[in-house]
Amino acid sequence: MELLATPLPPIRYEPSLLMFPTLLCQIFSVCTRHPPPVIEPMSMQTATALLGQDAEFLCKVGDLGRHKVAFLKAGTPPRLISFDEKIFRNVQKYELRPRGGPQGDEWRLIVRNSKPEDRGNYTCQINTDPVIAKIGELQLKVPPSVSRNTPSAVEVREGHNVTLHCKAEGTPEPSVIWRRADRQIIRFNGATGYGATIHKGAQLHLVRVSRKHMAEYVCVASNGLPPDESWTVRLMVTFPPLVLAKQSMVSAKRGAVARLACDVESWPRPEVTWEKEGVPVFDSDHYATSQIVSQPYHTSHILEIRKVTVDHFGNYRCIARNENGQHHGEVYLQGGGGADDEDTVAGPDFERNTVRRENEQLHPPAPPPVSATGTF
């Protein structure tokens, strides 16, 4: 007996009101039960802090639902700071304040005691698929500082060129100015070249320096954050001695006190000695030496002769020596004059009498040959 297949009648679906919402979902794509999370635009604004202060990032999240919020520090790889309500890294450095604000939608990350290594980008992230994230930057403001590798003293030979350096650091980048500590003009090209009281820039370049450049130079770094920082560089210019006798001839009567003087310019400071007719003169009952320092490289030297006798008359040399050379000036002591003749007999007020003596030099008595020679 042969069985015949009987086709089944087609299944018919009757329309139902329960299917209407589904159709709307498919047509208008409104099937999501909860709206997706969103990070508000105001979140993760750039945070700026002074060195040592706390910095704060705000991440405001809407419609978070069951998703979680995380904070990360940029790096390779990025470093996870927190997830949900728990800190995972360095609890002394970071503080998390979750679910704050009236709606409980504010997440705050506090970076304590900001240091240079804390600078960079921070990310607020929601664990959606794909993830939602917003990045903010921590900018650190650092007052200026001058590198301690900057030399505090520089030595150069007279006539040479020199550059003084002032390396300053800070955020924002500091500007640097130079000035002389004595407020004198900075000469950029020789002793009498063009100059200014202030020089802008980290480097101060001086051409053909002279002894007049010898001074303390102060660099000041500033970037708008107090305090400014300054650094002093002492410039020392070396040169051989130059000796000038204050008077080429001094007259003194017997039994009086005579003072012979010479001015010396030299750096390093010289060794100064006196000679009479080629024989060294030392401190004794009849002789006393002294000096006065008026500038770093300028000194005045005095030889005081007490109870002058005929044996003291003659030619004296003021000799200055340093590592760069030697030079001398000569003074001739002769008899004559009275005890009250301040022009020729140097008394205790020796320096005050200098002007009168210089006037007298317009018509001095004829001295023996006088020389001022040196070796360099």
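**Exercise 1. Locate Pro 227 and describe the peptide bond before Pro 227.**

Step 1. Pro 227 sits in the loop that runs between β19 (215-222) and β20 (229-245). Strands here are DSSP runs of E with at least two residues, helices are runs of H or I with at least four residues, and both are numbered from the N terminus.

Step 2. The bond from Pro 226 to Pro 227 is cis, and its omega is near -5 degrees.

The model is predicted: local features need pLDDT of at least 70, side-chain atom pairs count only at pLDDT 80 or more, and totals for chains, interfaces and linings use all residues. Residues are numbered from 1 along each chain as its sequence is written, and side-chain values use heavy atoms, with hydrogens and water left out.

**Exercise 2. Find the loop that holds Pro 130, and state which residue a cis peptide bond joins to Pro 130.**

Step 1. The loop between β9 (120-126) and β10 (132-146) contains Pro 130.

Step 2. The cis bond links Asp 129 to Pro 130, with omega at about 0 degrees.

Step 3. β9 and β10 form a hairpin, joined through 5 residues. The two strands are antiparallel and share 7 bridges; two strands count as paired if DSSP finds at least two bridges between them. Thr 123 has Ile 135 in β10 as its bridge partner.

**Exercise 3. Which other strands pair with β10, and in which sense?**

Step 1. Strand β2 (residues 47-50) pairs with β10 in the parallel sense over 4 bridges. Within this pairing, Leu 50 stands opposite Lys 141.

Step 2. Strand β13 (residues 168-171) pairs with β10 in the antiparallel sense over 3 bridges. Here Val 142 has Thr 171 as its bridge partner.

Step 3. As background, the strands of a sheet pair through backbone hydrogen bonds, either parallel or antiparallel.

**Exercise 4. Give the strand order of the open sheet that has 4 strands, and name its edge strands.**

Step 1. The order is β1-β3-β8-β7, with antiparallel pairing.

Step 2. The edge strands are β1 (38-39) and β7 (94-100), each of which pairs on one side only.

Step 3. β1 is joined to β3 (residues 55-62) by 2 bridges. The partner of Ile 39 in β3 is Val 61.

**Exercise 5. Are Asp 84 and Lys 93 buried or exposed, and which side chains do they meet in polar contacts?**

Step 1. Asp 84 is in the loop between β5 (79-83) and β6 (86-87). Its relative accessible area is 19%, so Asp 84 counts as buried; buried means under 20%, exposed over 50% and partly exposed in between, with a 1.4 Å probe and protein chains only.

Step 2. The side chains of Asp 84 and Arg 99 are joined by a polar contact of 3.5 Å. A polar contact is a pair of N or O atoms within 3.5 Å; within protein, one must be able to donate a hydrogen and the other to accept it, and residues adjacent in sequence count only if both atoms are side-chain atoms.

Step 3. Leaving out residues up to four places away in sequence, Asp 84 touches Lys 68, Val 69, Leu 96, Arg 99 and Trp 107. Contact means heavy atoms within 4.5 Å.

Step 4. Lys 93 lies in the loop between β6 and β7. At 12% relative accessible area, Lys 93 is also buried. A polar contact of 2.8 Å connects its side chain with that of Asp 118.

Step 5. Beyond four places in sequence, the contacts of Lys 93 include Ile 110, Val 111, Arg 112 and Asn 113.

**Exercise 6. Which loops hold Asn 113 and Glu 277, and how accessible are these two residues?**

Step 1. Asn 113 is in the loop between β8 (106-111) and β9. Although Asn 113 is not a glycine, its phi is positive, about 45 degrees. Asn 113 is partly exposed, at 38% relative accessible area.

Step 2. Glu 277 is in the loop between β23 (271-276) and β24 (279-281). Glu 277 is likewise not a glycine, and its phi is positive, near 55 degrees. With 52% relative accessibility, Glu 277 counts as exposed.

**Exercise 7. State how many helices and strands the protein chain has, and what share of its residues is buried.**

Step 1. The chain has 2 helices and 29 strands.

Step 2. Of its 376 residues, 38% are buried.
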